[in-house]
Amino acid sequence: MAESSKFQTQIEIKQQMAAARFSTELTAEELLKEERVPFPFFKPLSQKGANTWIISLFVILHLGSFIATMIVNDCWENSHGDCALKPLRRFSFQPLSENPLLGPSASALDEIGALRKTLLTSNHQLWRIFSSPWLHAGLFHLIINLSSVIFVGIHLEQEFGPLRIGVIYIFSAITGSLVAALFIQDRPSVSSSGALVGLLGTLLSSVIRNWNLYTNKFAGLVATMTILMTTLVLGLIPYINNFANIGGFMSGFLLGFVLLFRPQQEKLARNKGGIFEFDAKHIVKRRNTLDKPVQRGVVLVIFALLLAGIIIAVLHRVDANKYCSWCHYLDCVPSKWWSCIDKAFHCEKMVNSEHLTLSCPNTGRFRVFPFTDISEARFQDVCNLICS
C-alpha cells in the first residue's frame with residue numbers, strides 16, 4: 001500500500017514538472033510566434049494612444065506661422081479688396097493668378113522670412129535659412145504638407161520616440177534650407193516641405209536597414225513614394241523650393257541609418273496591424289544584430305562632412321546655378337498659369353485723381369486700378385505680375 005502511494009506521488013510530481021516545462025516552452029513559443037507588429041504606417045486609429053507631442057508641436061508652429069503670414073499679407077487692405085475668399089477680409093488670399101497655391105503675395109513672403117537671392121546674399125540676411133522652413137506658400141501647400149507630416153510623423157514618433165524624430169525633423173528642415181540657398185533664385189520661396197521629405201527619407205532608410213524584419217514592404221513603399229512624388233511635383237510651382245525637398249530627403253535618409261537602428265521594442269508587442277509590420281520571430285533572432293555602431297559611425301561622418309561642406313558653400317555665397325544651367329527647372333517649371341522668371345521688372349506709373357495705371361514697357365501690357373495709394377512692395381508685386 002505504501003509503495004503504491006509512493007508511486008502515485010512520483011507520478012504527480014512528474015506531471016507537475018512536465019506541466020511546468022510545457023508552460024515554459026509555450027511561453028518561449030509565444031515569444032517566437034509571427035505576431036504582426038506595425039512599422040510606423042497606417043496604424044489603426046484605436047491604437048494611436050501613444051504620446052506624439054513633438055509632431056503636434058511642429059504642426060502648431062506651422063499653423064501659427066501661416067496665420068502670422070496672412071496677417072502680414074492683409075490682402076483686404078494692401079490689395080484694396082482684390083482678393084480670393086473676400087469674406088475672410090484681412091485673412092483673404094491673393095488671387096490665384098498671383099499665387100496659384102491660394103496664399104500671400106510675394107512681398108508678404110519676403111517680409112515674413114522667405115528665401116530670396118538678393119535678401120540672402122546681398123543683404124546678408126542669413127536668418128532666413130532658419131525662418132523659411134516654418135513658412136508655407138499657400139493654403140493648398142499648408143494642407144498637403146501638414147496632412148503628410150501628421151500621417152507619417154505620428155507613426156514614426158510612436159515607434160522611435162519623440163527625441164530621435166525631433167532631431168531628424170529639425171536637421172532635415174535646416175539642411176533643406178541650406179541646399180535651397182545654394183540654388184536660390186531672385187524670387188521668394190519657402191522650404192517647409194524639406195522636413196516632411198526628411199521624414200520620408202528616414203522611413204525609407206529604416207526599411208532598407210531592417211528589410212528582413214518587415215512584411216507588406218512593397219505596399220508601404222508605394223505609399224511612401226506616392227507622398228514623396230506628390231511633394232516633389234508640388235515643388236515645381238513658384239514659391240515652393242524643390243531643392244529644400246532634395247536636401248531634406250538627403251538629410252533624413254542618412255540620419256535614419258544613424259538614429260533609427262532599433263524601434264522602441266517595449267511597445268511592439270502591444271501593437272498589431274499595419275502595412276509595414278515587424279515579424280516578431282526575426283526580432284527575437286536579430287535584436288542584437290540591428291545595432292551596428294561601425295555602420296552608424298560611418299554614415300554619421302558622411303552626414304557631418306556633407307553638412308559642413310554645404311554650410312561653408314553658403315557662407316561663401318556659392319551660386320550652384322552657375323555650374324548647372326538646367327537645375328532651375330527642378331525648382332520651377334513655367335506654365336500658362338504662373339511664371340518662373342526670377343528678375344524684378346520696371347513699370348511706368350501714371351496717377352490721376354481716382355485711378356492708378358501701371359504699364360510694362362517690355363510687354364506693352366497695362367492695368368488700371370481704382371485707387372492711387374499703393375506701397376512700393378505691392379507696386380513691385382503687381383509690376384512683376386503684369387510683365388511676366
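Here is a short briefing on two backbone oddities, one helix and the enclosed cavities of this structure. The model is a predicted one, so please read every value below as computed from it. Tyr239 is a good place to start, since this residue has a positive phi of about 80° and also belongs to the lining of the largest cavity.

**Positive phi values**
- Most residues other than glycine have a negative phi.
- Tyr239 sits in the loop between helix H10 (217–234) and helix H11 (242–259), and this residue is buried because its relative accessible area of 12% falls under 20%.
- His124, with phi near 55°, lies in the loop between helix H5 (117–122) and helix H6 (128–131).
- His124 is partly exposed, at a relative accessible area of 47%.

**Helix H11**
- The 18 residues of H11 should span 26 Å at 1.5 Å a residue, and the end C-alpha atoms are 25 Å apart, which agrees.
- H11 is mostly covered, with 13 of its 18 residues buried.
- At the start of H11, a side-chain oxygen of Asn241 comes within 3.0 Å of the backbone nitrogen of Phe243.

**Cavities**
- There are two cavities of 30 Å³ or more.
- The largest cavity has a volume of about 50 Å³, and its lining includes Ile237, Pro238, Tyr239, Ile240 and Asn241.
- Six nonpolar, three polar and two charged residues make up that lining.
- The second largest cavity holds about 30 Å³, and among its lining residues are His141, Thr231 and Ile240.
- H7 gives the largest share of the second lining, three residues.
- By class, the lining of the second largest cavity has three nonpolar, five polar and no charged residues.

Conventions. Residues numbered from 1 in each chain as written. Predicted model: local features only at pLDDT ≥ 70, side-chain atom pairs only at ≥ 80, totals over all residues. Heavy atoms only, no water. Helix = DSSP H or I, 4+ residues; strand = E, 2+ residues; numbered from the N terminus. Buried < 20%, exposed > 50% of the residue type's maximum accessible area, 1.4 Å probe, protein only. Expected span 1.5 Å × (residues − 1). Polar contact = N/O pair within 3.5 Å; in protein donor to acceptor, adjacent residues only side chain to side chain. 1 Å grid on protein atoms, 1.4 Å probe; cavity = no way out; pocket = protein on both sides within 12 Å on 5 of 7 lines; lining within 4 Å. Points joined across faces, edges and corners; volume = space filled by probe spheres on them. Nonpolar A, V, L, I, M, F, W, Y, C, P; charged D, E, K, R; others polar.
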